[in-house]
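Biologist: Could you take me slowly through one part of this model, strand by strand, and tell me what packs against it? Please state your cut-offs as you go.

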Amino acid sequence: MAQTRNRWTIYLKQLRHKNRSVYMTWMLSYVSVLLVPILISGVIYGATLNVVKAEINRANQSILLQMEQAIDSQFKGIENLSLEVSLNRRIAAFISADTNLSDSDHYDVYQIANDLRVYEIANDFLEGIYIYYKNSDTVIARNNRMNIEALYDHIRLEEHMPFQSLREYFDQGYIKGYHSVVVSEENEWRPTVMYAQNVNSTIMNQPGAVLLFMIDRSKLLEQASAPEKGTIFILDKDNRFIASTGDSLSEPALLYSDMSKESGQLEIETDGHRLVASYTTSSITGWKYVMTLPANVYHQKMNVVEQLTIASILLCLIVGGGVTYWLLKRNYLPIHALIQSLSFKAGFTFDRGSNEYSFLEQALSSTFHEKEELHYKLNQHNNTLRSHFLQRLLKGQLDSHIPLHESFSAYDLRFPLGGFSVILLRIEHFGKFHRKDEDQVHNKRLLHFLIANVVEEVARKSVNAYAVELDQELLACIVNHQLASPTEQRGELGHIAEETMSFISNHTHVQLTSAISAQQEGEYGIFQAFQEAIEAMEYRIIVGSGGIIHYGDLSGNDNLGAAPGGYFYPLKVEQQLIVMVREGQLDKAKAFVGEIIQKNVTKESFPFHTAKCLMFDLMATLQKVIGEIRIAGKPDMPDGVRAIERLMQCQTVGEMRSQLYDMLELLCGYVNNNREYCSNPLIDKVMKYVNEYYQDENLNISMIGEAFSMTPSYVSKLFKELAGESLLDYINKTRLVQAKLLLIGGKYTVSEISLKVGYNDVNTFHRIFKKFEGITPGRYREVK
């Protein structure tokens, strides 16, 4: 005993040399282990039961509260939907219709029914929507139209409710609320829930309408999670069951009046069984959400907890004393070392008279706070950093000293497969997202976010993909897939692009154009795939917008920069077009321009930038015509500079062709309106004479000179100066225009056509046709 006493004395002296907090910790631990459990064991025994009971009640209330929030959220959505429906212009305008519906009213009924169908599809919480118009005694639903008598046969507030009561209900001045009703289904009345709200007319003393929303009763408790052997049900103010997770009772064991508070708990007895009922009240409908649990199950949990609590106290009393003493003595030295390390490294000063645990709490809290702030800032910028990295990856602008796999890991990018392709999506029309106010930037960002998420979700059904915005109208999607045959790769990527474009078009009316690259092997092939997709997207000027362009479909995609044969637009063809425009022949000029474009653009090796050159060359020809037909003092001359500017803004060949046709209409209209200034009467007579006698094989310059009492040389020279081409060429071109029409018809042989257009020698016809058209008549017929 003396030796033990001396050892404790020495130990207490050592504690006094240490700081006050450790000494107090040791003493309090000793007292708590040996004395305090004995003193408070009785208090814990009684308090544990109350704590467990309170926890069970909170759990039950939490379940009811979640159910209430879920259902009330749906009810708020229905009320918002009712406001949206009441503000619908067609629905509000039909209030003024009377009982004698016109054809226009019947069409409005059809339109309203379509609108109701859209509202129902958008909310699966609804069974149906009805609108009762008092003025016309018309009830409109998504599938049919009826009157109030037919509605009475389908919906009633009560099964045996008289018809007059239903009419009195609709005649109320103010209707808004939820009702438990019955609906007819296969000659039986099925209970359900209805939300009714009236819509007032904007015209004084005119009856309004009543909106009826039929709620799917089976989905009220769809997300409710009742405990084992427990039941959840909804009770309205008239003590009627709205819905239940168990078997519905004919009469509720618990009345609405018994639950006077907003929420609470009470015990009831029904059929000889004790039940514990927890309830809460909906703030929207006033219904009671009730959960019942057998009393024996309810108390069984508390009994188990009670036994465990007593066993835990006994175990603490037996083992706690020795274990606590040993752990405190063993663990103080690591704590002391940790405090010294934190004081030195973290910059916190430890006061020798303070509490170590408070110091540790302060140091750790500060560290965790800094870590959370850093993590929050990193998450804020992570999407931006990853988008910037993906843009540089596509453009081949990555840092060479950083391995790609390390960058992928840093930005949480996973490319497990060996094949890579790029899908470009270009926004051609913003659809529902088109705005002219300050929200346009926000709408574009929202649309980009939507397209990126849709294409990633569609692609990730079969492959790995990441989307990134490149500019205001262009997005790219990097697709990581297995290396496969070009046909399989084309089909898989085409399906991804097609499904994405279809979804975006159907839901937002946004038009997209998609360009798809060929497959490349390895991460460093992403840049090559991106370049291929860019080239494919630029080819939309040929094929038009709104479709899918595969890089493999591009003709001559190995050297798109150089078209082997250029394009066909010789000087003689340009002169023909000039003559047609100068003469104001709009139809011929349009057909001639269309023929030139068709002949060039449909060639397999015709690249997109060559199409631009051809279009600008055609517009330059029209610029020449402007200079030739310009009349002094006539300010209505078409502006060629603005026409070129509009042509530069075009995105496809079709748009450019439309601009050329518009310019042709302006020029030909100008010529025809100012013909007395632009043309020479003699030249007009000569042209008319040629058009009348082109079939005569003797038609030549001498014959024309004799017809107009002039020498052949004078007529030829005058025609050349005023018409811009020789008279003989004009005769041949007139004959060839008719010859081409006969060749396309296929009714006559080449020899017969030669005679019909004024050539008595078929060889002469062949030679002249090939001179002006570049091919023989027989070949022309085969091509056309």
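Modeller: Strand E5, residues 176-185, and strand E6, residues 188-199, run antiparallel and are joined by ten bridges; strands here are DSSP runs of E with at least two residues, helices are runs of H or I with at least four, and both are numbered from the N terminus. This is a predicted model, in which local features need a pLDDT of at least 70 and side-chain atom pairs count only at pLDDT 80 or more, while totals for chains, interfaces and linings use all residues. Residues are numbered from 1 along each chain as its sequence is written, and side-chain values use heavy atoms, with hydrogens and water left out.

Within the E5 and E6 pair, Ser-180 has Val-193 of E6 as its bridge partner. The two strands form a hairpin with two residues between them, and in that turn Glu-186 takes a positive phi of about 55 degrees.

E6 also pairs with strand E7, residues 209-215, again in the antiparallel sense and over seven bridges; two strands are said to pair if DSSP finds at least two bridges between them. Here Tyr-195 is matched with Phe-213, its bridge partner in E7.

These strands belong to an open sheet of seven strands, ordered E3-E2-E1-E7-E6-E5-E4, in which the pairing is antiparallel. At the edges stand strand E3, residues 145-146, and strand E4, residues 155-156; each has a single partner strand, so one side of each is left without a neighbour in the sheet.

For E3, the partner is strand E2, residues 138-140, and the two pair in the antiparallel sense over two bridges. In this pair, Ile-140 has its bridge partner in E3, namely Arg-145.

Helix H5, residues 103-122, packs on the sheet and touches strand E1, residues 126-133, as well as E2 and E3, where contact means heavy atoms within 4.5 Å. The direction of H5 makes about 150 degrees with that of E1; the axes are lines fitted to C-alpha atoms, for helices over the stretch in contact, and angles run from 0 to 180 degrees between N-to-C directions.

Read along the order of the sheet, then, E3 stands at one edge and is among the strands touched by H5, E7 and E6 share seven bridges, E6 and E5 share ten bridges, and E4 stands at an edge with a single partner strand.
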